[in-house]
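The report below is meant for someone meeting this structure without prior acquaintance. It begins with one small question about pairing and then widens, step by step, to the elements around it.

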Amino acid sequence: MNTLTKSDAQTLSTEQARPVLDVIDVTIRYGEKPAINKVSLSIPQHRITAIIGPSGCGKSTLLRAFNRMNDFIPNVGMEGQILYMGSDIYARQVDPVEVRRRIGMVFQKPNPFPKSIFQNVAWGPSINGFSGNLEARVEQSIRRAALWEEVSDRLHESALALSGGQQQRLCIARALAMEPDVILMDEPCSALDPVSTARIEDLMFELKERYTIVIVTHNMQQAARVSNLTAFLENGSLVEFGETDQVFTRPQHKRTEDYVTGRFG
Amino acid sequence: MRSDRLRRRHATTKCFRLLCAAVAWAGIVILAVLLFHVSREGIRWLDLQFLTEFPSRFPEQAGIKSALWGTVWLIILTAGISIPVGVAAAIYLEEFSPKNRLSQLIEVNIGNLAGVPSIVYGILGLVLFVRFLALGRSVLAGSLTMTLLILPVIIIAAREALRAVPDSIRQAAFALGATRWQAVRAQVLPVALPGILTGVILAMSRAIGETAPLVMIGALTYVAFVPEGPMDAFTALPIQIFNWASRPQENFHQLAAAGIIVLLVTLLLMNATAVWIRQRAERTGR
């Protein structure tokens, strides 16, 4: 993995890139009703994978299955397997807390803790037994989230004083501070203005060199702009999954074509 | 036509605002009248001697030292027991317990307990603490009885405060690999703290003013000593006030009024402290 250079990673096709997450025949139910129906796909390393689809198609449910955030919703049942680096994250002996340390998440609405900027970023490492230089880790994470210039002189002020876009980048910095392998983003720009959205999209391009990113978005232009791979979900089923260029320009399925050309959804 | 209707709508708003203001002021006016009436009667007896003397059958020598100290003991012990137990119960019910039939049953029952008349708690305290656990008519038995009385209030208020914490904060904490306890301890509790403290203030104010359960468990009405430990007998301010007010002599009625002033000031000091703590918590929480 470490021997791959940036250009190597870009020339690798989907099949050759090592899968970080393997979704095998996954069905997720809320009570009786399936929200995700027999979905299989694999998410390659150091790529941005977008999950698109109309509202209620189950894209967030699928994303939240990757770091076991669905565990908190009562009456959720799951069948099938999700492998992270080859091992089943739903296996009996796996601690979900351990999974979430490796697979970070950024939410739809920016949700910084009502504390200082510094504390927001430092909390994750400090509760997970980080013993190195906390200040350096915080600075590095905020720099990687392209927020350092804007906040370096007010690290100890409240995170709630930041703008929405800055708050979302702070949430990204907070996730980066855990040094995760994968970052899940659940419609990270839907509450942001176009300028902030563009900044976060730029940021995603930089981040994919180090991290694997999975983004759920209802915004097809965004999926087309930022992602390497696109999965199209409808009614809980995976309709199409492939290179973003191909999904948007030469979709294999009629439904995909109708959706990406804006005929419905 | 249209502007006419608009004018009527504005008039309705104005009426409603006046009505609300009147209701809000009614509370303040009633309290002011009460305070005025009580101070006029009692202020003359209110001096250092009143605070440092034990009760006496001569009004000129009577003081409320034992009742004041009894109340202080009662409040400290009750707070020491009820706050940790009540907040812990609320945290368990809100953050840890599975939401099922049993937890619903518990929730309904806590709600019912909050409405049980205080005299019933007095009977329970008498049977359970004074007799069965053989604590006697001690400050400890009184505090445990008061704890039973205010626990439901604390639990309900603390649960409401925890429920008001946005779920996005918990999600953010869990997504960073926090355990439930880490998320609750570091992120949820600080946000809920001001609300929890408000509930605690209300509950403690209720405890300081309650008389019936203490009479029931047999707190003494004439005490010429200050409790030195949790197992000592005691009296409390409301009991002393009740005792004085029920005597025929006018002077004792005025002593009762003075006692009421002391009780109100104690209550005010307590609440002020809690509000101060709450504001500090709010500031550091931001």
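Which residue in strand 7 of chain A does Val106(A) stand opposite? In this model, which is predicted, Val106(A) has Met185(A) of strand 7 of chain A as its opposite residue.

## Paired strands in chain A

The pairing just described belongs to a longer arrangement, in which strand 6 and strand 7 of chain A run in the parallel sense and are joined over 4 bridges. Another position in this pairing is held by Gly104(A), which stands opposite Ile183(A) in strand 7 of chain A. Strand 7 of chain A is also joined to strand 8 of chain A, which covers residues 212-216, by 5 bridges, and these two strands run parallel as well. Within that second pairing, Leu184(A) is found opposite Val214(A) of strand 8 of chain A.

In a regular strand, the side chains alternate between the two faces of the sheet. In strand 6 of chain A, Ile103(A) and Met105(A) point one way while Gly104(A) and Val106(A) point the other way, and all of them are buried. Strand 7 of chain A can be read in a similar manner, with Val182(A), Leu184(A) and Asp186(A) pointing one way and Ile183(A) and Met185(A) the other way, all of them again buried. Because 5 of the 5 residues of strand 7 of chain A are buried, this strand is largely enclosed by the rest of the structure.

## Asp186(A) and its surroundings

Asp186(A) has its place in strand 7 of chain A, which covers residues 182-186. Is Asp186(A) buried or exposed? Asp186(A) is buried, since 22 other C-beta atoms lie within 10 Å, and the cut-off for that class is 20 or more.

When residues up to four places away in sequence are left out, Asp186(A) touches Ser60(A), Leu63(A), Val106(A), Phe107(A), Gln108(A) and Val216(A). The residue Asp25(A), by contrast, lies 161 residues from Asp186(A) along the chain, and the C-alpha atoms of these two residues are separated by 22 Å.

## Helix packing in chain A

Helix 4 of chain A (residues 117-127) packs with helix 7 of chain A (residues 164-176) at an angle of about 30°, and their axes are 7 Å apart. That angle makes helix 4 of chain A roughly parallel to helix 7 of chain A, angles under 35 degrees being counted in this way. The crossing of these two helices is right-handed. Helix 4 of chain A brings Ile117(A), Asn120(A), Val121(A) and Gly124(A) to the contact, while helix 7 of chain A brings Leu170(A), Ala173(A) and Arg174(A). Sorted by class, the residues of this contact come to 4 nonpolar, 2 polar and 1 charged.

Helix 4 of chain A also meets helix 5 of chain A (residues 134-144), where the axes come within 9 Å and cross at roughly 115°. This crossing, too, is right-handed. On the side of helix 4 of chain A the contact is made by Phe118(A), Val121(A), Ala122(A), Pro125(A) and Ser126(A), and on the side of helix 5 of chain A by Leu134(A), Arg137(A), Val138(A), Ser141(A) and Ile142(A). The residues of this contact divide into 7 nonpolar, 2 polar and 1 charged.

## Where the two chains meet

How many residues does the contact take from chain A and from chain B? The contact takes 22 residues from chain A and 17 residues from chain B. On the side of chain A that touches chain B, the elements giving two or more residues are helix 3 (96-102), strand 6 (103-106) and helix 4 of chain A. The residues on that side of chain A comprise 12 nonpolar, 6 polar and 4 charged.

## Chain B

Chain B has a secondary structure of 11 helices and 0 strands, and its C-alpha trace spans about 70 × 65 × 35 Å along its principal axes. Of its 286 residues, 36% count as buried. Among the contacts in chain B between residues at least 6 apart in sequence, 76% join residues at least 24 apart.

Helix 7 of chain B, covering residues 167-175, has Ala172(B), Ala173(B), Phe174(B) and Ala175(B) as its buried residues. The cover over these buried residues includes helix 3 and strand 6 of chain A, together with helix 8 (180-209) of chain B. Just after helix 7 of chain B, Gly177(B) takes a positive phi of about 80°.

Note on methods:
Residues are numbered from 1 along each chain as its sequence is written. Chains are lettered from A and ligands numbered from 1 in the order in which they are written. Axes are lines fitted to C-alpha atoms, for helices over the stretch in contact, and angles run from 0 to 180 degrees between N-to-C directions. Angles under 35 degrees count as roughly parallel, over 145 as roughly antiparallel, 65 to 115 as roughly perpendicular and the rest as oblique. A crossing is left-handed if the near helix is turned anticlockwise from the far one by less than a right angle, and right-handed if clockwise. Two residues are in contact if their C-beta atoms, placed from the backbone, lie within 7 Å. Ala, Val, Leu, Ile, Met, Phe, Trp, Tyr, Cys and Pro count as nonpolar, Asp, Glu, Lys and Arg as charged, and the others, Gly among them, as polar. A residue is buried if 20 or more other C-beta atoms lie within 10 Å of its own, exposed if 12 or fewer, and partly exposed in between; C-beta atoms are placed from the backbone. Two strands pair if DSSP finds at least two bridges between them.
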